[in-house]
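Have the structure open while you read. We'll take a walk through it, from the inside out.

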Amino acid sequence: MAYQENQTTRFSRSYKKLFKRELESVHTAMDTIVKKPEIGTEKLGDLSNLFVYKLKVGKTEWMLGYTFNSTKKIVTWHSIGQHENFYRDAKRNKQN
């Protein structure tokens, strides 16, 4: 059974601003994660329980932050963006 998907409001705001070529790369990554959520890297410390999946959009490296609940089969998308300041923004958003 595939995982259901939820998104935070911050993720949806960032997602709406993406261009078509960026969306194609992001959708491919999201499909990969929904099939196997353990594929990302689990973060420690302040960002514990957050998984990060790295993807390429053109020549730049982007990151997709998510959490998942394996018993309820739910993946929640938290953040998306370029590597620069990704962790700082994810940490700030988690505190709010």
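What follows covers the cores, the strands, a few lysines and the salt bridges.

First, some ground rules. This is a predicted model, where local features need pLDDT of at least 70, side-chain atom pairs count only at pLDDT 80 or more, and totals for chains, interfaces and linings use all residues. Residues are numbered from 1 along each chain as its sequence is written, and side-chain values use heavy atoms, with hydrogens and water left out.

**The cores**

In soluble globular proteins, nonpolar side chains tend to be buried together. A nonpolar core here is a set of buried Ala, Val, Leu, Ile, Met, Phe, Trp, Tyr and Cys residues joined through side-chain atoms within 4.5 Å. Buried means under 20% relative accessible area, exposed means over 50%, and partly exposed is in between (1.4 Å probe, protein chains only).

The largest nonpolar core has 18 residues, and the ones touching the most other members are Ile-33, Leu-55, Leu-64, Tyr-66, Trp-77 and Ile-80. Four elements give two or more residues to it: helix H2 (20-35), strand S3 (51-57), strand S4 (60-69) and strand S5 (74-82). Helices (H or I, at least four residues) and strands (E, at least two) are DSSP runs, numbered from the N terminus. H2 supplies the largest share of this core, with five residues.

Want a good place to zoom in? Try Ile-33: leaving out residues up to four places away in sequence, Ile-33 touches Ile-39, Tyr-53, Leu-64, Tyr-66, Val-75 and Trp-77. A contact like this means heavy atoms within 4.5 Å. There's also a second, separate core of six residues, with Leu-47, Leu-50, Met-63 and Phe-86 among them.

**Following strand S3**

S3 is mostly covered, with five of its seven residues buried. On one side S3 pairs up with S2 in the antiparallel sense over two bridges, and Thr-41 has Val-52 in S3 as its bridge partner. Two strands count as paired if DSSP finds at least two bridges between them. S3 and S4 are also antiparallel, paired over seven bridges; Val-57 is matched with Thr-60 in S4. Their hairpin has two residues between the strands, and Gly-58 there takes a positive phi near 65 degrees.

Lys-54 sits in S3. Because its relative accessibility is 47%, Lys-54 counts as partly exposed. Beyond residues up to four places away in sequence, Lys-54 touches Glu-61, Trp-62 and Met-63. Its C-alpha atom is 8.7 Å from that of His-83, although the two are 29 residues apart along the chain.

**The loop between S2 and S3**

Which lysine is buried yet has no salt bridge? It's Lys-43, and the nearest side chain of opposite charge, Glu-61, is 10 Å away. For charges, Lys and Arg count as positive and Asp and Glu as negative, while His and the chain ends are not counted. Lys-43 lies in the loop between strand S2 (41-42) and S3. Its side chain does make a polar contact with the side chain of Tyr-87, at 3.3 Å. That term means a pair of N or O atoms within 3.5 Å; within protein, one must be able to donate a hydrogen and the other to accept it, and residues adjacent in sequence count only if both atoms are side-chain atoms.

Asn-49 is in that loop between S2 and S3 too. Asn-49 isn't a glycine, yet its phi is positive, near 75 degrees. Asn-49 is exposed, at 52% relative accessible area. Over in the loop between S4 and S5 you'll find Lys-73, another non-glycine with a positive phi, about 60 degrees.

**Salt bridges**

The structure holds two salt bridges. Each is a side-chain nitrogen of Lys or Arg within 4 Å of a carboxyl oxygen of Asp or Glu.

| Salt bridge | Closest N to O |
|---|---|
| Lys-91 with Asp-46 | 2.8 Å |
| Arg-88 with Asp-89 | 3.0 Å |

Lys-91 lies in helix H3 (residues 86-95) and Asp-46 in the loop between S2 and S3, so this pair ties together parts that are 45 residues apart in sequence. Lys-91 is partly exposed, with a relative accessible area of 34%. Arg-88 is partly exposed at 44% relative accessibility, and Asp-89 is partly exposed at 29%.
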